[in-house]
Amino acid sequence: MEVAVIVLLVSFLILLALNVPISISIGAATVLTMLCTIDFDPAMITMAQRMASGIDSFALLAIPFFIFSGMLMGSGGIARRIIDFARVLVGMLPGGLAFVNIISCTLFGSISGSAVAATSAIGGFMIPSMTKEGYDKNFNTAVTVASSTTGLLIPPSNILIVFSLASGGVSIAALFIAGYLPGLLLALGLMIVCGIWAKAKGYPVGEKPTLKFALQKTLDAVPSLFLIFIVIGGIISGFFTATEASAVAVLYSLLLSCVVYKEVKWGELPALLTKSVETTAIVMFLIAASSAMSWIMSYQNIPQTISQALITISDNPLLILLTINLILLAVGAFMDMTPAVLIFTPIFLPVVTELGMSPLQFGIVMILNLCIGLCTPPVGSVLFVGASISKTSITALIRPLMPMYLMMFVVLALVTLVPAISEFLPRALGLIE
C-alpha cells in the first residue's frame, strides 16, 4: 500500500505542478496507481468501468439541467433585476452598496448555482458602480469574491448533489434545506464586516428610494426570485424530486428569459445549449475521474488508514474536527470543489460520524470549507475571475479580503460546533429524524 500511496500522491502533485488540467491529473494518477498492483489490461478495463459507474446515477441528471438553467438566468437580465431589488432593501444604509453587492451575489449565486457566474454577472455591474460612488475598487472586488460563494450553500446547488452521491445517499432535499441557515449566516457575517469597513472609511450612503420605485423594482424581481420557491417548495412538498426540479427550473428559466423578460432571443438558445453541454462535460469528466480515484484509494485501504490515523491523533473530538477543517481548507485552496468532495468525503465521513457528527452536518461543513477555498490563493477560481473583472491584482485584494476571511472562519467554526445551524430546518420539515 505504501508504494501505491506514494505513486498516487507524487504523480498527482507533479501533474498539477506541470499545469495539467485537474481531471486529467486525477485520471492519470489513478491509472499509474492501479498499475502498481494490477496488470495493464485489467487496469484499463477497471478504470473505464469505474469512470462509467461513477456517473451512472439518476441524481446526477440534475446537474446539466441546473447548469442550463443558470446559463439562461445569467443571460436573461436576472442579475440587473436582483441588484435593483437589493438596492431597494439596503441601498440607503451606511455601506449600502456593499450590502447590495452581498445580497445580489447571494441571490444570484443560489439561482444560478455557480459562484463564478455570480462573480461575473454581479461583479461586472456592481464593481464599477461602487467605484463610481467613491468605494475603493479592491474592496468592491473583495466583497463580490467573498459573497459569491454563499450561493453554493443555498439551493439549488450542484455541489450538494455531488456530496449526496459521494456520501452514499444523504438526502438531496435535506442537504438543500440544510444549506439555508449557514448560507444566510455567512452573508450576514460579511455584511457586518462590510458595514464596519464602510463606516471606518466614510463611504457614502445611498438615497432612500420612493415607494413607487421600491414597489416597481420589487415586482420586477419577484419572477426571478420565485424560481427558488418553485424548486424548493416542490421538493419539500414531495411534488417532484430534486432531479425533476432541475427540469422544472429549466422550463421556468426558459419562460422567464425568452417570454417574460425577452432578453434571450430564441436564436441564442443553440449557443447557450452548446456552452451548457461543454460545462456539463467538464463536470461529468471530473466526477468520473474522481470516482475512479476514490475506488483505487478504497482498494488500497487509504481512507481507512487515514481515518484510523486521525482518530489516534487525540481523544479530543474538537482537535480532530479542527484538523479535518484545516486539511479541507488547504485542499480547497488547491483543488476544484467537485473532485475534492468526491475524493475526501469517503476519507473523512467515517471519522466525523464516529465523533457524533451527522453526514448532513458534515456535508455543509465540507462545502463551506471548499467555498472559502474558491476565494483564496493560489488557485481560487472566483478570486481570479474577480481580479480579472476589476483589472486589479490578486495581491491588492488580500488586504480587504482578510477581515472577510476571518468572518468566514468564524461562521465555519459555528457551523462545525453547532449542529442545529445545519439540522434545524431539515428536522423541522421532517426531512431528517
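When I say contact today, I mean heavy atoms within 4.5 Å of each other. Hi everyone, and please keep in mind that this is a predicted model.

Let's start with helix α15. It runs over residues 302-313, so to speak a helix of 12 residues. From its first C-alpha to its last, α15 reaches 17 Å, close to the 16 Å expected at 1.5 Å a residue.

Which residues of α15 are buried? They are I302, P303, S307 and L310. These four cover an arc of only 130 degrees around the axis, which puts them on the same side of α15. As a reminder, an α-helix has 3.6 residues a turn, so residues three or four places apart point the same way.

And what covers that buried side? Using the contact cut-off I opened with, the cover of the buried residues of α15 includes α1 (2-17), α14 (269-299), α16 (317-334) and α17 (337-354).

Keep α16 in mind, since we meet that helix again in the next part, on cavities. How many cavities of 30 Å³ or more turn up in a search of the whole structure? The search finds 1. The volume of the largest cavity is about 40 Å³.

If you would like to find the largest cavity on the screen, look for its lining: L321, I324, N325, L328, V352, M357, F362, V365 and T416. Which helix gives the most to that lining? That is α16, with 4 residues. Both α16 and α18, residues 359-374, supply at least two residues each. In terms of chemistry, the lining residues divide into 7 nonpolar and 2 polar, with no charged ones.

Last, a quick look at two backbone spots in loops. N19 is not a glycine, and yet its phi is positive, at about 70 degrees. You will find N19 in the loop between α1 and α2, the latter being residues 22-34. Is N19 buried or exposed? N19 counts as exposed because its relative accessibility is 66%, and the cut-off for exposed is over 50%.

The other spot is K391, also a residue other than glycine with a positive phi, here near 55 degrees. K391 sits in the loop between α19 (381-390) and α20 (394-417). With a relative accessible area of 70%, K391 is exposed.

So, to recap: α15 has its buried residues on the same side, the largest cavity has a lining to which α16 gives the most, and N19 and K391 each have a positive phi. Thanks for listening!

Notes
Residues are numbered from 1 along each chain as its sequence is written. This is a predicted model: local features need pLDDT of at least 70, side-chain atom pairs count only at pLDDT 80 or more; totals for chains, interfaces and linings use all residues. Side-chain values use heavy atoms; hydrogens and water are left out. The expected span of a helix is 1.5 Å times one less than its number of residues. Buried means under 20% relative accessible area, exposed over 50%, partly exposed in between (1.4 Å probe, protein chains only). The arc is that of the directions from the helix axis to the C-beta atoms. On a 1 Å grid over the protein atoms alone, a cavity is a set of points where a 1.4 Å probe fits but cannot get out, and a pocket is an open set with protein on both sides within 12 Å along at least five of seven lines; lining residues have an atom within 4 Å of a point. Grid points are joined across faces, edges and corners, and a volume is the space filled by probe spheres set on the points. Ala, Val, Leu, Ile, Met, Phe, Trp, Tyr, Cys and Pro count as nonpolar, Asp, Glu, Lys and Arg as charged, and the others, Gly among them, as polar.
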